[in-house]
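Subject: Structure handover

Hello,

Here is the structure I promised to pass on. Please open it first, then read my notes below.

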Amino acid sequence: MKYITLLILLFLGGCTLFKPSLQSQLEPLDMTFVEGGTFLMGDVIEEKNDDSLPLHEVILQDFYIGTFEVTYKQYDAFASATGREIPHDDGRGRGERAVIYVNWYDALEFCKAYGYRLPTEQEWEYASRSGGKEEIYAGTAYRDSLDQVARHKNNSGGYSFLVGTKEPNGLGLYDMSGNVAEYIGDYYPFYKTNPDSVQYYPLEERSMRIIRGGSFNEEDAVLRTYWRVGVLAELEDHTIGFRCVEPA
């Protein structure tokens with residue numbers, strides 16, 4: 001009788017007992033180490049963009065950030081493992097294309113599945129500027145070099161591309177300007193006055209999120225490393241994707 005009872009328990013609990021872990025079902029993410037430091041955040045190029053002023057000093061600890069934007073292949077594996085809806089691809093293929101049609105909540109849950117999170121705005125800007133350098137686009141300080149480092153409106157089609165097809169920035173990060181815009185982890189108000197008075201709000205109290213980097217569908221201005229755009233957290237758009245961060 002003891003053996004029969006044990007067999008019944010094993011049968012009933014088998015689905016849970018032998019179910020693979022979530023992380024074992026995920027595709028690997030290539031992460032790049034970023035050494036922390038101090039940098040001047042904002043429009044360090046022209047000091048004209050109101051949403052990116054005043055310039056203010058930021059101190060960051062070491063962290064890891066996705067070398068590439070999250071791809072369809074990676075997101076599809078996550079969606080399949082968690083029973084989530086598979087995002088549209090507009091008939092352009094999936095695989096190593098930067099994933100789109102995901103909202104901020106989807107991006108957050110994807111990163112959490114790996115034990116990661118979305119980048120803060122400070123981390124994103126510091127990383128895009130190759131460790132806080134004065135770069136107008138991720139990977140270059142010169143406007144005439146934009147085509148070498150970014151997919152944008154004037155050198156691309158109207159859809160997200162395979163990740164990593166342009167030159168990386170100084171940290172070896174790809175597509176931080178162009179290809180798809182990227183969700184940032186926190187709500188962050190405009191910093192038009194004293195930056196020491198900027199107030200962070202709990203995310204559940206504010207529906208606006210920041211996207212950074214511009215996309216294949218944008219003119220060069222929006223691709224600048226300091227450019228900030230506010231969108232609703234629920235937005236699922238053909239121009240927006242994301243990458244993840246892991247604290248060191």
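A definition first: two strands count as paired if DSSP finds at least two bridges between them. Strands themselves are DSSP runs, numbered from the N terminus. In strand 3, the residue bridged to G37 is L60. Strand 2 (residues 37-41) and strand 3 (residues 56-60) run antiparallel, joined by five bridges. Please keep in mind that this is a predicted model.

Strand 2 has a clear pattern. Its side chains alternate: G37, F39 and M41 point to one face and are buried. T38 and L40 point to the other face and are not buried.

Overall make-up

The protein has five helices and nine strands. From the N terminus, the order of elements is α-β-β-β-β-α-α-α-α-β-β-β-β-β. There are 248 residues, and 48% of them count as buried. The exposed area is about 12,100 Å², with 52% of it supplied by carbon and sulfur atoms. Among contacts with a separation of 6 or more, 72% are between residues 24 or more positions apart.

The three-stranded sheet

One open sheet has three strands in the order 1-4-9, paired antiparallel. Strand 1 (31-34) and strand 9 (245-247) are at the edges; each has a single partner strand, so one side of each lacks a neighbour in the sheet. From one strand to the next, the twist averages 25°. Four bridges pair strand 1 with strand 4 (residues 63-66) in the antiparallel sense. Within that pair, F33 has Y64 of strand 4 as its bridge partner. Helix 4 (residues 121-128) packs on this sheet and touches strand 1, strand 4 and strand 9. The direction of helix 4 makes about 75° with that of strand 4.

The nonpolar cores

Which residues touch the most other members of the largest nonpolar core? They are Y75, F110 and F242, in a core of 32 residues. Helix 2 (72-82), helix 3 (104-113) and strand 5 (181-183) are the elements that give two or more residues to this core. Helix 3 supplies the largest share, five residues.

Take a look at F242. Leaving aside residues up to four places away in sequence, F242 touches E69, V70, Y75, V99, V102, A107, F110, C111, L118, A181, E182 and Y183. Apart from this core lies another, of 16 residues. Its members include F39, V58, L60 and I210.

As background, nonpolar side chains tend to be buried together in soluble globular proteins.

T67

One loop residue deserves a stop. T67 is in the loop between strand 4 and helix 2. Is T67 buried or exposed? Its relative accessibility is 5%, so T67 counts as buried, the cut-off being under 20%.

T67 touches D30, M31, T32, G172, L173, Y174 and R243, not counting residues up to four places away in sequence. With T32, the link is between side chains: a polar contact of 2.6 Å. L173 is 106 residues from T67 along the chain, yet their C-alpha atoms are separated by 4.8 Å.

Best wishes

Methods
Residues are numbered from 1 along each chain as its sequence is written. This is a predicted model: local features need pLDDT of at least 70, side-chain atom pairs count only at pLDDT 80 or more; totals for chains, interfaces and linings use all residues. Side-chain values use heavy atoms; hydrogens and water are left out. Axes are lines fitted to C-alpha atoms, for helices over the stretch in contact, and angles run from 0 to 180 degrees between N-to-C directions. Contact means heavy atoms within 4.5 Å. A nonpolar core is a set of buried Ala, Val, Leu, Ile, Met, Phe, Trp, Tyr and Cys residues joined through side-chain atoms within 4.5 Å. Buried means under 20% relative accessible area, exposed over 50%, partly exposed in between (1.4 Å probe, protein chains only). A polar contact is a pair of N or O atoms within 3.5 Å; within protein, one must be able to donate a hydrogen and the other to accept it, and residues adjacent in sequence count only if both atoms are side-chain atoms. Accessible areas come from the Shrake-Rupley method with a 1.4 Å probe; for residues, only the protein chains shown count as cover.
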